Amino acid sequence: MIVRVGSKNQVKVKAVKDILEEYGYSIIGCETDSGVPNQPKTDEEAIEGATNRARNIHKKGEISIGLEAGVTLHNQKLFLTNWGALIDENDQLYIAGGTRIELPDILKKALLEEKMELSDAMEKYFGVIDAKHHDGAIGYFTKNMITRNDIFTHIVKLLYGEYLKRREYERDCNTC
């Protein structure tokens with residue numbers, strides 16, 4: 001079966017491959033628009049972006065996955081977030097969220113007041129080049145204890161686990 005990923009970003013595609021190839025899926029990265037700002041600034045925007053990525057590339061009988069990183073403000077602190085959406089072969093939607101880490105105030109100002117993207121702010125203030133295609137802000141701020149690939153593989157595991165459990169539940173309910 002084919003799994004389409006709503007991005008050609010190598011980190012996002014690799015995260016899906018790392019988890020699902022061993023189950024026999026063929027993974028295809030597809031360019032698509034998230035329908036939200038390049039820098040989602042709320043959980044709602046990031047969820048919408050992940051869902052739009054999955055919906056925009058979905059084909060009947062296949063699985064599609066959208067992954068979206070963002071930030072969210074909580075108690076005046078800015079946190080890095082990540083979300084995912086999976087649409088299965090029966091058009092059922094699954095959503096999962098993951099890691100959160102507080103970002104420095106200088107990034108809060110850059111993203112919320114100066115309207116910068118996190119990747120651009122990382123380059124400007126910390127000299128990190130093209131973070132979104134490598135270890136990401138999460139890698140930088142955790143000394144690579146956790147990388148961008150790690151957070152997205154975590155999301156894919158959550159999504160696929162939900163998918164497997166729902167299929168099991170539906171199968172069990174059909175035998176009652």
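Helices and strands here are DSSP runs, with at least four residues for a helix and at least two for a strand, numbered from the N terminus. Keep that in mind as you look at the structure above, which is a predicted model.

Let's start with the whole protein. There are 6 helices and 6 strands to find. If you trace the chain from the N terminus, the elements come in the order β-α-β-α-β-β-β-β-α-α-α-α. The C-alpha trace spans about 55 × 30 × 30 Å along its principal axes. How does the radius of gyration compare with that of a compact globule? A compact globule of 176 residues would have a value near 16 Å, and this protein has 17 Å, so the two agree.

Now think about inside and outside. Buried residues account for 48% of the 176 residues in the protein. The accessible surface is about 9,000 Å², and carbon and sulfur atoms hold 48% of that area. What about contacts between parts of the chain? Take the contacts with a separation of 6 or more: 54% of them are made by residues 24 or more positions apart. As for charge, you can count 24 positive and 28 negative side chains, and the centres of the two sets lie 1 Å apart.

Next, the aromatic rings. A pair of aromatic rings is described by the distance of the centres and the angle of the planes. The count for this protein comes to 7 aromatic pairs. One of them joins Tyr 25 and Tyr 160, with the ring centres 5.8 Å apart and 85° between the planes, which makes the pair edge-to-face. Where do these two sit along the chain? Tyr 25 is in the loop between α1 (10-20) and β2 (26-29), while Tyr 160 is in helix α6 (residues 148-174), so the pair links distant parts of the chain, 135 residues apart. Are the two rings' residues buried or exposed? Tyr 25 has a relative accessible area of 10%, so it counts as buried, and Tyr 160 is buried too, because its relative accessibility is 7%.

Compare that with Tyr 140 and Phe 141, which also form an edge-to-face pair, 5.0 Å centre to centre with 85° between the planes. Tyr 140 is partly exposed, at 37% relative accessible area. Phe 141 is partly exposed as well, at 25%. Back at Tyr 25 and Tyr 160, ring pairs link these two with Tyr 23, Tyr 94 and Tyr 163 into a cluster.

Another residue to look up is Ser 34, in the loop between β2 and α2 (43-57). Ser 34 has a relative accessible area of 5%, and because buried means under 20%, this loop residue counts as buried. Which residues does Ser 34 touch, not counting those up to four places away in sequence? They are Glu 48, Gly 49, Asn 52, Arg 53 and Glu 68.

Finally, have a look at the backbone. Most residues other than glycine have a negative phi. Gln 76 has a positive phi, near 65°, and is not a glycine. You'll find Gln 76 in the loop between β3 (63-74) and β4 (77-87), where it is exposed, with a relative accessible area of 56%. Lys 115 is another non-glycine residue with a positive phi, about 60°. Its place is the loop between α3 (105-113) and α4 (118-126). At 61% relative accessible area, Lys 115 is exposed.

Definitions and conventions
Residues are numbered from 1 along each chain as its sequence is written. This is a predicted model: local features need pLDDT of at least 70, side-chain atom pairs count only at pLDDT 80 or more; totals for chains, interfaces and linings use all residues. Side-chain values use heavy atoms; hydrogens and water are left out. The radius of gyration is taken over C-alpha atoms; the globule rule is 2.2 Å times the number of residues to the power 0.38. Buried means under 20% relative accessible area, exposed over 50%, partly exposed in between (1.4 Å probe, protein chains only). Contact means heavy atoms within 4.5 Å. Accessible areas come from the Shrake-Rupley method with a 1.4 Å probe; for residues, only the protein chains shown count as cover. Lys and Arg count as positive and Asp and Glu as negative; His and the chain ends are not counted. The place of a charge is taken as NZ of Lys, CZ of Arg, CG of Asp or CD of Glu. Rings of Phe, Tyr and Trp (its six-membered ring) pair if their centres lie within 6.5 Å; planes under 30 degrees apart count as stacked, over 60 as edge-to-face and the rest as tilted.
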